[in-house]
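The following exercises are to be worked with the sequence and the model side by side. Each task is followed by a solution in steps.

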Protein chains: 2
Amino acid sequence: MLLSRLFVPITKDLPSDAKIKSHQLMLRSGMIRQSSAGIYSWLPLGFKIMKKIEQIVREEQNNIGAQEMLMPTIQSAEIWKESGRYKDYGDEMLRIKDRQGREMLYGPTNEELITEIFRSSVKSYKSLPQLLYHIQWKFRDEMRPRFGVMRCREFFMKDAYSFDLDEYSAKTSYNKMFFAYLKTFERLSLKAIPMAADTGPIGGDLSHEFIILADTGESKIYADKKIFEINLKKFEFSKSSLEDMRKEFSSFYAVTDEKFVKKDFDKKVSKANQIITTGIEVGHIFYFGDKYSKPLNCMIDSKEGKKTSIKMGSYGIGVSRLVGAIIEAKYLNNVMKWPKSISPYDVVIIPNISKNNIENLNKAEKVYNDLKKQNVDALLDDVDENMSAKFKKHDLLGIPYQIIIGSKSSGDKFEFKEVGEESQILKLNEIKDKLKK
Amino acid sequence: MLLSRLFVPITKDLPSDAKIKSHQLMLRSGMIRQSSAGIYSWLPLGFKIMKKIEQIVREEQNNIGAQEMLMPTIQSAEIWKESGRYKDYGDEMLRIKDRQGREMLYGPTNEELITEIFRSSVKSYKSLPQLLYHIQWKFRDEMRPRFGVMRCREFFMKDAYSFDLDEYSAKTSYNKMFFAYLKTFERLSLKAIPMAADTGPIGGDLSHEFIILADTGESKIYADKKIFEINLKKFEFSKSSLEDMRKEFSSFYAVTDEKFVKKDFDKKVSKANQIITTGIEVGHIFYFGDKYSKPLNCMIDSKEGKKTSIKMGSYGIGVSRLVGAIIEAKYLNNVMKWPKSISPYDVVIIPNISKNNIENLNKAEKVYNDLKKQNVDALLDDVDENMSAKFKKHDLLGIPYQIIIGSKSSGDKFEFKEVGEESQILKLNEIKDKLKK
């Protein structure tokens with residue numbers, strides 16, 4: 001893609017409410033544009049990044065055997081009355097009356113609707129266990145939407161639901177999701193800590209939050225750094241191995257502010273291993289048994305022919321929120337560096353262009369076409385501005401690799417730079433190898 | 001995927017309002033489930049098909065240089081007041097008040113919002129032309145939602161918008177979309193006719209509907225069959241060639257009921273070439289100049305430094321509607337056959353299973369694993385029921401190729417059937433070649 005053709009309205013103007021760095025960066029780099037309070041349009045650059053995150057989330061859900069489907073955004077109030085949450089949800093629920101005067105709402109979550117679908121579709125234990133998920137827009141009418149996509153009203157979320165015959169098997173489903181979440185954050189190059197959590201308005205008796213580390217995070221975190229040394233590869237995809245995995249993660253000290261007790265921390269974690277930092281919640285999983293299946297009468301015939309309520313869990317990842325959270329973790333000293341797995345482009349080519357000399361631009365185009373043939377998704381910065389303006393701009397765009405075509409590039413050798421490292425002079429083939437690694 | 005694990009609640013029960021065959025098939029084959037009037041959940045089978053259609057639509061948009069982005073579902077009423085359509089839209093617009101009492105709405109289309117984004121982002125003619133699109137859920141509060149996904153309230157649509165400096169260049173953008181639409185429908189194995197159309201509530205002075213042929217279509221069509229002989233490949237992607245393309249399509253007689261004049265039809269089309277059939281509208285494109293850019297004050301500096309309103313067009317394809325429309329076109333004599341490009345699976349393996357003999361199931365599993373290794377996405381029907389029940393079920397699921405493992409399969413040869421054709425006895429390698437073609 002030529003940067004001059006890309007719809008990326010880079011701007012210096014920031015509204016006064018853009019207080020945190022992810023909100024600022026996303027506006028300045030033309031990733032998003034606010035359309036009303038807490039509601040954003042995703043412009044091509046931001047959209048492409050969010051789609052890549054969505055795809056990683058999807059693949060890791062599929063890898064544990066979850067099936068993708070899609071529930072609508074607008075739901076009937078009826079099922080929420082059945083579960084009792086229509087009242088409980090308060091003003092955060094966006095309530096709507098349609099032209100016939102029927103009570104509808106914009107789904108803030110989907111426990112009720114998925115339970116309704118399940119109860120009318122599945123009758124026998126033979127169809128269990130089942131994991132279903134969807135990635136869909138949700139709406140929570142926040143009193144004070146703020147922090148850009150981190151606390152907005154219309155947000156993009158993956159929510160999964162598990163259906164099991166008994167508690168033991170339900171906890172295996174829970175562990176599978178636990179595993180999928182860790183794999184997902186690993187592929188996003190994030191340090192994530194699963195933390196035992198309260199269940200809040202979703203309810204239930206087992207719950208973990210997944211918190212990623214970021215200097216600017218909203219919650220203070222106290223943890224044992226050995227938790228980051230656990231190698232996911234050693235666990236198999238069996239019930240017992242998944243149980244071992246969750247036990248191992250739970251064995252290390254990791255709490256937020258509210259649960260912090262200094263004495264315990266010092267006792268359980270050696271000084272050298274103590275991490276005190278901040279983090280951002282990006283995922284939350286729940287096991288809640290029959291909290292929804294019972295009031296909604298989602299029953300199944302067991303092997304013995306007995307009717308029993310299905311045991312359920314739900315599992316959320318904030319996909320749009322992750323975009324902001326990753327920026328909070330990776331935007332350091334005014335330089336953004338997207339993880340390779342979700343960078344909007346594999347590499348940016350930056351030629352030094354001047355009015356009377358288009359030689360560098362021609363060279364850049366040759367490199368661009370060459371990379372394109374090898375399926376390298378490159379951005380070519382063909383904009384006519386000086387190099388220092390260009391570098392500032394690319395500090396915002398955050399593409400992790402640059403090919404700089406100026407005085408240091410000559411013949412078949414080019415200046416190649418990984419953001420945050422020293423640049424090197426390399427042949428194009430060597431650059432390709434580095435990009436493909 | 002094993003059919004016993006797939007969440008596909010096949011059912012015989014049909015609600016009385018399921019009157020057309022696509023609505024019936026989608027409910028019976030477990031593709032969708034109604035959650036309230038005109039609002040559906042897409043279950044895994046239906047979701048997968050819709051996603052494949054979405055991807056083809058996306059690729060053909062990208063191929064003409066359109067850039068993907070995403071606007072939110074909930075919009076502020078303000079911009080609709082600026083354009084004057086807030087009143088015009090009437091009860092079909094789902095109007096919402098948020099907790100602060102602000103007037104919001106669920107977007108039925110996006111001319112206003114995209115114009116607002118463009119006016120605040122682009123100032124110079126150098127950034128033109130520009131094509132932007134998104135694929136997002138829309139809501140129209142139909143008085144009488146019916147026909148399943150064909151006339152529902154919450155629907156999935158690709159809408160694109162073009163921005164140009166003058167009318168001539170805007171019509172080139174229009175022609176590019178015209179081309180992309182024909183390519184899209186070609187890849188979906190549909191016979192589509194572009195038909196000059198009235199502009200309706202979108203407004204403007206140039207418009208085409210794209211109608212696909214289906215025996216059960218809602219509109220009567222009179223056309224010259226030579227329109228289907230135009231080879232898209234002969235047109236280049238240049239202004240003049242695209243103009244020739246649109247002229248050539250326009251040169252053949254093709255009208256709906258309302259514009260039909262028998263005398264003209266007989267004069268312009270030889271008896272042998274006359275087609276009288278029915279069709280379904282699946283796309284609609286518009287050129288409307290400054291209808292929105294003027295009231296919304298979306299101006300640009302021309303080369304001469306003069307402020308001028310941007311010339312715009314908009315271009316819709318109903319993605320969720322297409323799922324139903326394709327069924328109307330391809331579900332014949334109670335047998336569904338998905339076009340290969342969007343079939344939920346490449347092939348289904350159907351072993352004849354009986355309680356005391358699992359030899360066929362074992363064979364089927366071997367074939368399944370073998371195909372999987374070659375990236376063939378197969379469905380294995382491991383459900384314990386008799387073959388005639390299985391075949392009936394697969395008439396609904398519509399996977400176009402079947403490997404039947406029963407009495408006719410022996411050694412390394414298998415019964416292979418393309419739906420609607422005679423079955424053949426082939427080696428697995430020969431089957432693979434057929435599937436990959």
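A residue is buried if 20 or more other C-beta atoms, placed from the backbone, lie within 10 Å of its own, exposed if 12 or fewer do, and partly exposed in between. Helices (H or I, at least four residues) and strands (E, at least two) are DSSP runs, numbered from the N terminus. The model is predicted: local features need pLDDT of at least 70, side-chain atom pairs count only at pLDDT 80 or more, and totals for chains, interfaces and linings use all residues. Residues are numbered from 1 along each chain as its sequence is written, and chains are lettered from A and ligands numbered from 1 in the order in which they are written.

**Exercise 1.** Identify the buried residues of helix α11 of chain B and determine how they are arranged.

Step 1. Helix α11 of chain B spans residues 387-397, and its buried residues are K390(B), H394(B), L396(B) and L397(B).

Step 2. Viewed down the axis of α11(B), these buried residues fall within an arc of 145° (taken from the directions from the helix axis to the C-beta atoms), so they line one face of the helix. An α-helix has 3.6 residues a turn, so residues three or four places apart point the same way.

Step 3. Two residues are in contact if their C-beta atoms, placed from the backbone, lie within 7 Å. The buried residues of α11(B) pack against α1 (21-28), β18 (335-336), β19 (347-351) and β21 (401-405) of chain B.

Step 4. After α11(B) comes G398(B), with a positive phi near 75°.

**Exercise 2.** Establish how chain B is related to chain A, and describe the side of chain B that touches chain A.

Step 1. Copies are superposed by least squares on the C-alpha atoms of residues with pLDDT of at least 70 in both. A turn of 180° with a shift of 0.0 Å along the axis lays chain B on chain A with an RMSD of 0.0 Å. This is the relation of a two-fold axis.

Step 2. The residue of chain B that comes closest to the rotation axis is I96(B), at 2.9 Å (C-alpha). Both copies use the same surface, as 100% of the contact residues of chain B recur in chain A.

Step 3. In the contact, 36 residues of chain B meet 36 residues of chain A. Among the elements giving two or more residues on the side of chain B are α2 (44-63), β5 (94-97) and β7 (130-139).

Step 4. By class, that side of chain B has 20 nonpolar (Ala, Val, Leu, Ile, Met, Phe, Trp, Tyr, Cys and Pro), 9 polar (the others, Gly among them) and 7 charged (Asp, Glu, Lys and Arg) residues.

**Exercise 3.** Is K48(B) buried or exposed, and how far is K48(B) from I342(B) in space?

Step 1. K48(B) is found in helix α2 of chain B.

Step 2. K48(B) has 21 other C-beta atoms within 10 Å and is therefore buried.

Step 3. K48(B) and I342(B) lie 294 residues apart in sequence but 8.4 Å apart in space, C-alpha to C-alpha.

**Exercise 4.** Examine the backbone at P129(B) and N375(B).

Step 1. The peptide bond from L128(B) to P129(B) is cis, with omega near -5°. P129(B) is in the loop between α5 and β7 of chain B.

Step 2. N375(B) is not a glycine, yet has a positive phi of about 60°. N375(B) lies in the loop between α10 (359-373) and β20 (378-380) of chain B.

Step 3. N375(B) counts as exposed because 8 C-beta neighbours lie inside 10 Å.
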